[in-house]
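Biologist: I'm new to reading protein models, and I'd like some help. Could we go through a few features together, one at a time?

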Amino acid sequence: MDTKEEKHHNIALQIQNFKIALTEFEKLIERVTVQKRDERAGLFVQKEDVIDYDKFYAEVQELLGPEVKNQDVKCFYRKLCNNPDAPTDWCEIFGYYSTEEDSLTAQMEEENLVFFISRKQRIVISGSRRRDVIKCIVKVPQLDLLIAASQKGLITVFNNQMKVQTSTNVTDTSWITGCDYLSQLKRIVATTERTIVVWDFKAQGSNQENYFVIKPMDHCLLCVCAVSVSDQLCRDDILLGDDGGFVSKFTLNSDDFGLRQAKSKKKLQNQALDSKNFRSVKRKLHNDWVVKIRYISNLDCFGSCSLDSVHSLVLESLERLEDTLPVREFSILRGANTFCYCIKANVIVTGGDDKILRLWHPNISTKPVGKLAGHMFSITEIVTNEKDQHVISLSSAKVFRVWDIQTLSLLQIFHDSQGGPGDMQIYSMIYDANHGRLVTGSTVIDMYPLTKIIQDTKQIPHTHEREINVMLYNKYFHQVLTICSESIIKVWELDTGLQIYQILDPHGFNVELTSAAFNENGFLFATGAYNGTVKIWDFGSRQEIKVLPEGKDWKEEEHWIKRLIFLKAPEKHQHLLLALERNGKIKMIQGKEDDICLIVIWELPDVVPVLQSGHHVVHLMTSTKDRNIAIPFPDVTLVLEKTFSQPVNNPVVNTEVNCIDLLQVEGYNLIAAGTLNGVIILWNFVASTVKEVHRPENCFTVNSDMDPKCFRINDILFLFRTPECARRSSQDSICSSSQCDSSKGPQSSKGSKQSIHDSEVKGEQTDLTVGEQQPVDKKHLGGTSVADTQPPVLVTAHEDGHLRLWTLEGRLLKDMLPFTKHSAISLTSLYTDSCTRILLTGNVEGHIIFCSIGSFLDPPHDEKKFKQLLAWRAHSLGVLHIIYVEDKHLVLTASIDGSVRLWHAHNGHYCGYFGQRRPFDLSQKSDLILPCDVNEYPLEIKDESKLTENKQKYQYPLVFDQKRWKDMSSMSLLFKHTPPKAFKVDHDFKFFKSLSSSKTRKHTLEGFKTGNKEAGIVFGSLPIYRVQSPTSLRSLPLIGSDAQKDSSDGISGKKKASHGQHDKVQQRKSLKRNLVTQINLASSFFPTIPK
């Protein structure tokens, strides 16, 4: 009765808590609604009070729990943003009204499952006997080998490509019951019903099929496993299970096999050894057959299972086999056929004839911690996938089930339907973690690969069927927008890679989209097409809002939109776009609230002919034209001299603007443009000037020896650090995370021959802008001052493969050729983070170059602080767009191969591609997986200064220096009485201190004879030189003589100067006899080996 009351009380408490959460949720909706209404009314909202999507999602999860789906919350948040007055229901936050047909269909597809069944590979073992079956399969991870033993005696070793490396036939009347690998003896052990077979599979020639047979055995052997203990050398222990319920331990030494084989003169195919000569212990642990035995090194114990219902599973240390103490026993009704241990989850999974998988804690044998039901027949095999935390179970009906060990949920069911029930019974199963596949043994060997392995290594990534024209990232909703040349817009979830929606033919049938842009809050996006049309869309509802129609007199592809940039509109419900056309014109497009059509309201004049005539700076005059609304840029016209004449245009040289970038911050209102012939143009609307920042030599002339595209600027970018970013920490964190170790050990290099070309600008321009002359004033935050903001820097990506950085005055700060496998590859795109700490660029061969520029942007722009950290091959074809996601440290790349791929920024490891069936796994993993069309590993660029510090500071070879020998004292040798130990020569030994580097002769040797007839035709023709004779060896002092003499003079009262010559000779002989015998160099460098 008390239990029922307690349950009712818990239910009532849960209902009350849920009502409180709903009340708080309604208050959150009210706050968001008020905020969106104020934003629509144009009222200012404090930045600290703004509830963006991340904050909204966090509060919803806190109120309603983690079960709320991210996609449902995004849909609900978009609804609030688009229409704050629309009615809402709390059920929508759980996706109650959303249809899940598409997601369910995707989940049921084969490519979204764990194992890719249709890609199953089958291997038929040749040489096996008729109706033979694979009884045991063992994986050797350290050698990447697979061992298969058939029931009738064929043992086969496969390499990592599943090719037969070697094999042997065991000629025994008994069937093989199991096998394993001996890690210390480097041999294979197999058990038959009455014998133990040890085979040296590495033997060559005629000895390749020789093996040893250990017999007899007391009982019929049913299973075997090797004990992997690292501290024992030249011996292995094996555990055996038999039909009497005994578990035996045999110790195998290398002498038991190697010496007998060497003494045997007659080469036999098998050599019998008596089992009584081996050290063995056994103990009866079960009352029925021991069907499976394994050694679990992580628990330092072994496990054995039996069909016994009382002693079903025994888990104990090896010492318990030698005594009669109680052991840990797990009782299971009808026994256990198999078991396995999951390391990370720390559970033992058992299965048997009762068709239930039980999960046990290794130290709790009374009750399982979990059960998994679903099999309709007896469970015969269980294996684990440690990396993905999966358990794969197999029943006697050849039905496989894949379980998640953490959530205890069923992930996949598949059935081996080939062959009859009795013809192809599966006797063995393992999981190959090295190659990500499930291997089973019946009459053949079947291999089921993981779906993600097939997708990552076999399938060519395809996000679209055609090349990618546009890729954008909505940082507010964490979603990616892609557009292909077939004019299909797709929106993807960044966290999972799933497609949210798509729009077909947004500008009409067969109208190719060429550009797109998001507005500042991410709720709108604009698209531009090759025919000049522009449309504005609602990102959440996919509804078309405004359109710029095609002009009647427009020629085909004349108004091709190459770039779109959203501008900050000064008025509410107004949209402003900056557009770059293919003909080089830069226009401003306006959209009013009450008008569905967009109109062109502003256009920049063509300044290239004026700059071509020799004018490096052209002043602008603001037009007096009145406008009803304020726009970010004034109407301008060029102020030209009266003597200006239009230059003759060369039709071969293209001078159109190819790329633009915009910078609108406090003190700066700039547009930078790069042309097809390499000219950099800067429009400064604060100083009312337009100037030529850089012009390559001979860029307006035609040279038959040069490619006309060699000067082209493919992308241009402003690098500017706001005061808020200047207050943040330095870029050390980004550098340290970018230089982490990778699993494959990225190749290191000194980098490219990066050189900085500080060009001396003749007659440096003095028309500095107002923003350049007067930086932003110092701001104070919490009483601390912040340094002045630095002027912007321009970076350009060139067709010749160079990356160049410029000041606004035109001074070249850095000319860098990025280091990749092949140098001088045309660069295509640029990207930087919000605080300009990193710089990313891509080239036409699919490489991504990752650079650290945070310290370089600080004056005086030291070239050593511009560091390339990483380079990797992302695509087999050219990269068109790059995006860096700062909060997740990911890099998105889009290519003309039709794929958008995801990479880890710090090491260049591949995460996946948009369009794959399985969700993304964005966790940092050590293993390196490459797409099937990429075979180059990431290249980590080491710091050149660090490499030079590690150079050897000594010179070699060393030679004996006679002068050092004379100058040195031998006092240290005088009182030595014992020779130094092996490999421990004292550093004060006189001979080694007398070694020095060889000295090069500065004069040539004098030759006096060129031949010798007696020496023969060969050696007689060699020149003979006269070398200056060294000091005679007779003049060398004996070891310790000087020291003995000095020491004898220093001892008062013992020895006097009147001693005779005979005493000195005796003293010298005694000294020689005592010292020479004790300084033994041979014992120092060649120690005696103990027998």
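Biologist: Let's start with strand pairing. Which residue in S4 is the bridge partner of Ile147?

Modeller: Before we dig in, keep in mind that this is a predicted model. To read a pairing, you pick a residue in one strand and look across to its partner in the other. Here, Ile147 has Val157 in S4 as its bridge partner. The two strands, S3 and S4 (residues 154–158), pair in the antiparallel sense over 4 bridges.

Biologist: And what happens in the hairpin of S3 and S4, between the strands?

Modeller: There are 3 residues between them, and Gly153 takes a positive phi near 110°. S3 has a hairpin with S2 as well: that one has 4 residues between the strands, and Asp144 has a positive phi near 55°.

Biologist: How many bridges join S2 to S3?

Modeller: S2 (residues 134–140) is joined to S3 by 6 bridges, and the two run antiparallel. You can find one spot by eye: Val140 stands opposite Leu145 in S3.

Biologist: Now burial. How many residues of S3 are buried?

Modeller: To read burial in a strand, check each residue, then check which way it points. S3 (residues 145–150) is mostly covered, with 6 of its 6 residues buried. Leu145, Ile147 and Ala149 point one way, while Leu146, Ala148 and Ser150 point the other way, and all of them are buried.

Biologist: Can you show me a single buried residue too? Is Thr440 buried or exposed?

Modeller: Thr440 has 2% relative accessibility, so it counts as buried. You'll find Thr440 in strand S28 (residues 437–441). To see what surrounds a residue, skip its close sequence neighbours and look at the rest. Leaving aside those within four places in sequence, Thr440 is in contact with several residues, including Ile137, Phe400, Ile426 and Tyr448.

Biologist: How far is the C-alpha atom of Thr440 from that of Ile430?

Modeller: Those C-alpha atoms are separated by 6.5 Å, and the two residues are 10 apart along the chain.

Biologist: On to whole sheets. What is the strand order in the sheet that contains S19?

Modeller: Read a sheet by listing its strands as they lie side by side. This open sheet of 4 strands goes S19-S20-S21-S22, with antiparallel pairing. Its edge strands are S19 (338–342) and S22 (370–373), each pairing on one side only. The twist averages 20° from one strand to the next. Between S21 (residues 356–360) and S22 there are 4 bridges, and Leu357 has Leu372 in S22 as its partner.

Biologist: Where are the edges in the sheet with the order S59-S60-S61-S62?

Modeller: That is an open sheet of 4 strands with antiparallel pairing. S59 (879–885) and S62 (910–913) each have a single partner strand, so one side of each is left without a neighbour in the sheet. S59 pairs with S60 (residues 890–895) over 6 bridges in the antiparallel sense, and Val885 stands opposite Leu890 there.

Biologist: Last one: how many disulfides are found in the whole structure?

Modeller: A disulfide is a covalent bond between the sulfur atoms of two cysteines. A search of the whole structure finds 0 of them. Take Cys223: the closest cysteine sulfur, in Cys305, is 7.6 Å from its own sulfur, too far for a bond. Cys223 counts as buried because its relative accessibility is 6%, whereas Cys597, at 32%, counts as partly exposed.

Note on methods: Residues are numbered from 1 along each chain as its sequence is written. This is a predicted model: local features need pLDDT of at least 70, side-chain atom pairs count only at pLDDT 80 or more; totals for chains, interfaces and linings use all residues. Side-chain values use heavy atoms; hydrogens and water are left out. Two strands pair if DSSP finds at least two bridges between them. Axes are lines fitted to C-alpha atoms, for helices over the stretch in contact, and angles run from 0 to 180 degrees between N-to-C directions. Buried means under 20% relative accessible area, exposed over 50%, partly exposed in between (1.4 Å probe, protein chains only). Contact means heavy atoms within 4.5 Å. A disulfide is a pair of cysteine sulfur atoms within 2.5 Å.
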